Amino acid sequence: MAPMAAGDGKTFYLETFGCQMNVHDSEKVAGVLMARGYRPVDSHQAADIILYNTCSIREKAAQKVFSRLGTFRKTGARDKIIGVLGCVAQQEGEAFFERAPQVSLVCGSASYPQLPELLAQIESGSRRVKGLDLDTEDCFETEFTRRDNRFRAYLTIIEGCDQRCAFCVVPMTRGPERSRSGAKILADCRRLVDDGYTEIQILGQIVNAWRDPSPARWSFAELLARAAEVPGLRRVRFTTSHPRFFTPDIVEAIDSHPALCDQIHLPVQAGSTEVLMRMFRGYSREEYLRKVSFIRKARRPISLSTDIIVGFCGESEEDFAQTLSLLAEVEYDQVFSFKFSPRPNTAALEFADTVAEEEKGRRLALVQEAQRQIQIRRNQALVGETFEVLVEGYQPRLQQAIGRTSSNRVLNFPGNPAEVGCYRQVRVTAAGPNSLVGERIVD
């Protein structure tokens, strides 16, 4: 293949798998490419460069990229450049070139600050370019970010992870924690408001582990409060929090600043202290419940969601029963639940995977049904209440607007496409396990 010149109108296709961090990383990667003169297209068939931003948090997610790459093994890559980014790229490393010879670029997320240099190597004709260094203190900063949502913006404040949960591959794929300065973050918030954004979602692998590296030394709660005070910003969300770093001043900030959304995602992973210790989570069931008590004592109701893993190594029937009892005690508004799957380079690989797949499936079904009943009950209690929603979309077939409350509940109501991006007052008239239905309150 002849060398490519930056800015010569080449096209790229970027597909993203996984979490909101990956989605925002892809927005920034796209910005780097566009700043160099590349043009985005909607299909890999029309692209000169094809990039997959990958997730390896579970085996199923990791296999998706190999399924995509299999397409090119059958048809050939012709004159296209294929690159793999993110966690699977870091996990597989240089072996990716052997496993998928059609791939020319392998780049983990910790190497994104070097992406312009890596692209320059591609443009000069190199066919095996890698960025796999985890030894970095740099965050991925870009002059331009292609934002895929015109009213909600993602904003990363901390990258990497210093925790070593036994089941989690993230510290090995995203590198050590690197925090951005509070001043830079607030400058980004103001810039986003100037660009027309009214909601910002603050992101971090462990967002509340953020520590201001500048002399100001703001706490995470202070950062939230200052972001909420940016003129023109109506909503500030943050995810994902770790229970070890969750402190009462975070709840106090939410209580004191209406722009901070009344929603917290606080992954527990399991209800048994023995399992939590085996997972290296760094807290007991009782310590987690004390964190929940901070939230439940807030002056305004705060929606609470969590993550649950069933079938972790050594999880007994009694351990699992404690997870079900935790669901009943806390009554989460939403739960993301998964079967345990061993991941490369994690401590859990040294443990015996004692729970059969069939039993993992049974336990997962029990968790999901128990949570479904909780959500039905909690959502039905909201009938008759009025919420402000940000309209995110429109369903033409049903002629319904899709709104989201500050507590992260989906609330559908009769509307029109012109309302997307607007805020509306909506009264709840009906409720299901996963969403609400309402009618608009006209001023």
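**From one buried cysteine to the whole fold**

Cys 189 is buried, with a relative accessible area of 1%. The model that shows this is a predicted one. Burial is assigned under 20% relative accessible area, so the 1% of Cys 189 puts this residue in the buried class. The sulfur of Cys 189 has its closest cysteine sulfur in Cys 261, at 13 Å, which is too far for a bond. A disulfide would need the two sulfur atoms within 2.5 Å.

Cys 139 can be read in a similar way. Its relative accessible area is 12%, so Cys 139 is buried. The structure as a whole holds zero disulfides. Cys 139 takes part in none, and its nearest cysteine sulfur belongs to Cys 161, 14 Å away.

The overall form comes next. The protein has 13 helices and 18 strands. For 443 residues, a compact globule would be expected to have a radius of gyration near 22 Å, and the 23 Å of the protein agrees with that. The C-alpha trace spans about 65 × 55 × 55 Å along its principal axes. Of the 443 residues, 54% are buried. Contacts between residues at least 6 apart in sequence can be sorted by separation: 73% of them join residues at least 24 apart.

On the outside, the protein exposes about 19000 Å², and carbon and sulfur atoms supply 49% of this area. The charged side chains number 57 positive and 57 negative, with the centres of the two sets 3 Å apart.

Helix H8, residues 220-228, gives a view of the packing inside. Seven of the nine residues in H8 are buried, which leaves the helix mostly covered. The buried set consists of Phe 220, Ala 221, Leu 223, Leu 224, Ala 225, Ala 227 and Ala 228. What do the buried residues of H8 pack against? Two helices serve as partners, H7 (182-194) and H9 (248-256), together with strands S7 (152-159), S9 (199-204) and S10 (235-239).

Helix H9 also contains Ser 256. Ser 256 has 46% relative accessibility, so this residue counts as partly exposed. Between Ser 256 and Ser 284 there are 28 places in sequence, and their C-alpha atoms lie 29 Å apart in space.

A separation in sequence of 31 residues looks quite unlike this at Ile 309, whose C-alpha is 5.8 Å from that of Phe 340. Ile 309 sits in strand S12, residues 303-310. With a relative accessible area of 9%, Ile 309 is buried. Which residues touch Ile 309, once those up to four places away in sequence are set aside? They are Phe 167, Gln 269, Met 279, Glu 315, Phe 338 and Phe 340.

The last stop is Asn 379, placed in helix H13, which covers residues 357-380. Is Asn 379 buried or exposed? At 6% relative accessibility, Asn 379 counts as buried. Apart from neighbours within four places in sequence, Asn 379 contacts Arg 409 and a run of residues further along the chain: Ala 431, Gly 432, Pro 433, Asn 434, Ser 435 and Leu 436.

Methods. Residues are numbered from 1 along each chain as its sequence is written. This is a predicted model: local features need pLDDT of at least 70, side-chain atom pairs count only at pLDDT 80 or more; totals for chains, interfaces and linings use all residues. Side-chain values use heavy atoms; hydrogens and water are left out. Buried means under 20% relative accessible area, exposed over 50%, partly exposed in between (1.4 Å probe, protein chains only). Helices (H or I, at least four residues) and strands (E, at least two) are DSSP runs, numbered from the N terminus. The radius of gyration is taken over C-alpha atoms; the globule rule is 2.2 Å times the number of residues to the power 0.38. Contact means heavy atoms within 4.5 Å. Accessible areas come from the Shrake-Rupley method with a 1.4 Å probe; for residues, only the protein chains shown count as cover. Lys and Arg count as positive and Asp and Glu as negative; His and the chain ends are not counted. The place of a charge is taken as NZ of Lys, CZ of Arg, CG of Asp or CD of Glu.
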